[in-house]
Amino acid sequence: MTIKILPARLANQIAAGEVVERPASVIKELVENSIDAGATDILVEIDKGGHKRMLIRDNGKGIPREELSLALSRHATSKIEDIDDLESITSLGFRGEALASISSVSRLTLTSKTEEQAEAWQAHCEGREMEIQLNPAAHPKGASVEVLDLFFNTPARRKFLRAEKTEFQHVEEIFKRIALSHFEVGFTLKHNGRVVHRFPAVVPELKDKRIAAVCGQAFLQNSIAVHGEYQNVTVTGWCNAVGQGRGTNELQYSFVNGRMMKDRVILHAIRQAFEGMIDSQTYPAFVLFITMPPEELDINVHPAKHEVRFHQSRQVHDLIYKSVSDALLLSASTDALEFEN
Ligand code: ADP
Ligand code: MG
């Protein structure tokens, strides 16, 4: 075979393999877009675990009519302009790939209205077709993305979709994680026409409310509050040794600068703080928020942005270890006091 440049659609479909694994990954990308657009209210509506239909509606700033087609193109983003921006990213997205990827493996409709526009506009595309049609539509300020028939044109991928219930569980898990990452945003999740979760926006002082709603009252009651800072890094959150068995729906949530992520450094530090208190089969449960200057962090490690790399990973580790250890000590001493009284 001779060397050829792949047609855009095919290139997008290949790229989609990295970002769009299942309905939950679609939800993650689209809800993150809504958060980046400054939405304060986000509705996620799915049918049949997301296989059939997913709709994400927000009240963010929207996309102007003349940018709708562009938003669906690969490497099109309003979030970074040059390599320096990549060093200090504050938005959740920046790769300009999600909408292009998702629209290449589904039937996607993007509807939006900006503050300035008198009417809303809609762009529709189906899988491989390149032509994007724009039509007037009805929509309040904000944006909606409807995704039908995920992987309809990539049967090999479609085969990997699991039963409705399993896919829904993945969606629910991602939804909860995102709800923990942005308290100031109200989130609603509907499945097959029924409201499954509704988390109203809360002010920072009432974070506990969101934690209890998402993680359960028991988690909050069993947990100790963690707080620590070192130079310009802060760690706050909750953790407990009640834990859960490994792998089974563990309640282990960590966030860096409002971005949900999994990281071995964090996990290791927490485990170390709990050493001697729990056996090796039990994993502590935690919700931990880390904030640091964006320059001290590399988020461009993985296409789905699940991972980050800390430039000063030892310092972050030690700060978490110390914060959790201090919290455990404090709670042990107050327990002892209560016991004496
Ligand atoms: P990225 O988020 O990496 O920029 P996406 O493909 O997810 O790439 O989105 C492309 C662009 O479309 C974004 O940069 C943004 O300008 C616009 N966009 C996507 N979703 C929304 C939304 N819900 N509200 C407003 N603008 C959006
Ligand atoms: Mg995005």
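The following exercises, with worked solutions, concern a predicted model.

**Exercise 1. The shell around ligand 1**

Task: Determine which residues come nearest to ligand 1, and which helices each supply at least two residues of its shell.

Solution:
- Step 1. The surroundings of ligand 1 comprise 23 residues, of which Asn-33, Ala-37, Thr-77, Gly-93 and Ala-98 come nearest.
- Step 2. Two helices, H2 (23-36) and H5 (98-104), each contribute at least two residues to the shell.
- Step 3. By class, the shell around ligand 1 holds 9 nonpolar, 8 polar and 6 charged residues.

**Exercise 2. The span of helix H7**

Task: Compare the expected span of helix H7 (residues 164-181) with the distance between its end C-alpha atoms.

Solution:
- Step 1. The expected span is 1.5 Å times one less than the number of residues.
- Step 2. Because H7 has 18 residues, the expected span is 26 Å.
- Step 3. The end C-alpha atoms of H7 are 26 Å apart, in agreement with that expectation.
- Step 4. As to burial, the buried residues of H7 include Glu-167, Phe-168, Val-171, Ile-174 and Phe-175.

**Exercise 3. The partners of strand E3**

Task: Identify the strands joined to strand E3 (residues 107-113) and state how they run.

Solution:
- Step 1. Strand E4 (residues 120-126) is joined to E3 by 6 bridges, and the two run antiparallel.
- Step 2. Within this pairing, Arg-107 stands opposite Glu-126; E3 and E4 make a hairpin, with 6 residues between them.
- Step 3. Strand E6 (residues 142-148) is also antiparallel to E3, through 7 bridges, and Ser-144 in E6 is the bridge partner of Thr-111.
- Step 4. E3 is mostly covered, with 6 of its 7 residues buried.

Key
Residues numbered from 1 in each chain as written. Chains lettered and ligands numbered in written order. Predicted model: local features only at pLDDT ≥ 70, side-chain atom pairs only at ≥ 80, totals over all residues. Near = placed C-beta within 6 Å. Helix = DSSP H or I, 4+ residues; strand = E, 2+ residues; numbered from the N terminus. Nonpolar A, V, L, I, M, F, W, Y, C, P; charged D, E, K, R; others polar. Buried ≥ 20, exposed ≤ 12 C-beta atoms within 10 Å, placed from the backbone. Pairing = 2+ DSSP bridges.
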